[in-house]
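Okay everyone, thanks for coming. I'd like to walk you through two bits of this structure, so have a look at it first.

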Amino acid sequence: MAKIVSSPISDSRRPQMFPVLTAAELRRIERFGRRRHYRSGEFLARNGAPGPGMCVVLSGRIAVTQHDGLGRVSPIVEMGAGEFAAELAELSGLPSLVDVQAEGDVEALIVPAEGMRSLVVAEAELGERIVRALILRRVYLIENKAAGPILVGPLTLPDMIRLQVFLTRNGQPHSVLDPEIDSDAAQMIACLSPSPADYPLVVCPDGTLLRNPSEQELAKCIGLLDEITERRIFDVAIVGAGPAGLATAVYAASEGLSVIVVESHAFGGQAGASARIENYLGFPTGITGHALTARAFVQAQKFGAQFVLPVTVSRLDCSSTGRPMTLEMTDGWHVQARAVVVASGARYRKLALANLEQFQNRGIWYWASPIEAKLCSNAEVIIVGGGNSAGQAAVFLSAHAAKVRILVRGSGLAETMSSYLAERIEAAPNVEVLAGTEIVELIGSSQEGLRAVRCRHRPTDTETTLPIRHVFLFLGAEPATEWLKECGVGLDPRGFVHTGADVVSAADGHRPSAHETSVPRVFAVGDVRSNSVKRVGGAIGEGANVVAQLHGALEAIKAVLPAGGS
């Protein structure tokens, strides 16, 4: 029986996190792995190193611990016969987040990542229990800050917030040290004497020190980026990991296609930042966007889809007829695939104010997560926009902020927001809707951040200055399609992708299927597609529907394109 040696785990979760497998279940698992013997003190897995996969204890005991880049060791759990050491990192072949060490001689069954994915698909009931345990263990590591990189710097520092949001949105465990209240952080800074531009410092699990890294540098530090994917030819490359891209990945991978998903920031897209989605089928009490898309993210990996993030696609090379297409990234990476699904979604528009970028992560926000909610606790905030995303943010922030003002250029919310959200906002005592109102000036500095905003009531041309330090922008959508132009994919006047019957002129008599573009084997789903409904349910449905069309396109060129994975 597992012995918990760190933070307490509720009795209701313990059997699900640490199931004890029966002898019959162990025999069913054995065909997916291999037996290995470990001497006392030998490591089965090391934090930050490529993991062997799921370690199933047949005899003896193992200790699971976590060591961070500062050399601190934290015990997590001890396990015995019939139990297994693994979490979500092992399912996708990423570096281990923990150390696993033999306590005495240990006989173990090692199931590599590929075997784990085969196991959870072939053994449905047993696979469900294993995946649930993997998810709960990741949640435990996140909640207890028991693994991952250490971020060192003031909590309100814009780049600290930037990196925290990246890690949180991608479900990566991490911890934060503030030098103003933490002696370890203060000592580190005293030794390193960093300049202000060096903050935040990041201590990787292997001890490597990064100074104010980019998201991509941080991703490499924790093993999210894998150069091996560059050397494969995939059946399908999906650009974007929002609901449409995730749905495509789940259905395509589950039907045997080799799938790679390329994402510029975090899985979930705009939907992943939604505080609560209440009109999605099957969730009567609602679900956060992050919870919904995180489940899809795990589900896609379960079926073998690979994810590469954060990387930004700069262009699509589709010039070679009958050959794999190439996605080229801004940093020199490239991925080859026989078909491409454009699910890059849309970005919120920005206010046409000269100093807007000056206040990015200094008072201007494009999503409302618990990180931002904590920063604006008991303060007055402004939300700009009248769509559902703005409404969800208003409802969420009303529980944290002293007052929430929603600015809309139109006459109100009825025309642009779902009625249930508009009614809830109307009933909230600390939420006010300012119709016909826009921001005309942001007041503050790079050092102080945003201090006030000047608003104009358009019908009366009256201007008012408000002491607002936090503004959330939900201003509709601009498509992320610049990277498609060289390939010749047809776009509408606003830059959204034409598909199916909307394709104006197809090359060489090409007659596209419902979600296919003017370029053969290039498809588009979700918000990026012209005339899409811009709803989570619609995006997921399109992602599911496009897979049948992918099969048809791939079957048609099977005799031309090379087979195999490399």
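Let's start with an open sheet of 3 strands, in the order β23-β24-β25, paired antiparallel. Strands here are DSSP E runs of at least two residues, helices are H or I runs of at least four, and both are numbered from the N terminus. Two strands count as paired if DSSP finds at least two bridges between them. Quick caveat: this is a predicted model, where local features need pLDDT of at least 70 and side-chain atom pairs 80 or more, while totals for chains, interfaces and linings use all residues. Residues are numbered from 1 along each chain as its sequence is written, and side-chain values use heavy atoms, with hydrogens and water left out.

Back to the sheet. β23 (437-445) and β25 (462-466) are the edge strands with a single partner each, so one side of each has no neighbour in the sheet. β24 (residues 449-457) and β25 are joined by 5 bridges, and H457 has T462 in β25 as its bridge partner.

Now the helices. α9 (residues 243-254) packs against α11 (residues 289-302) at about 30°, axes 9 Å apart; the axes are lines fitted to C-alpha atoms over the stretch in contact, with angles from 0 to 180 degrees between N-to-C directions. That's why we call α9 and α11 roughly parallel, a label for angles under 35 degrees (over 145 is roughly antiparallel, 65 to 115 roughly perpendicular, the rest oblique).

So who touches whom? In contact (heavy atoms within 4.5 Å) are P243, L246, A249, V250 and A253 of α9 with T293, A296, F297, Q299 and A300 of α11.
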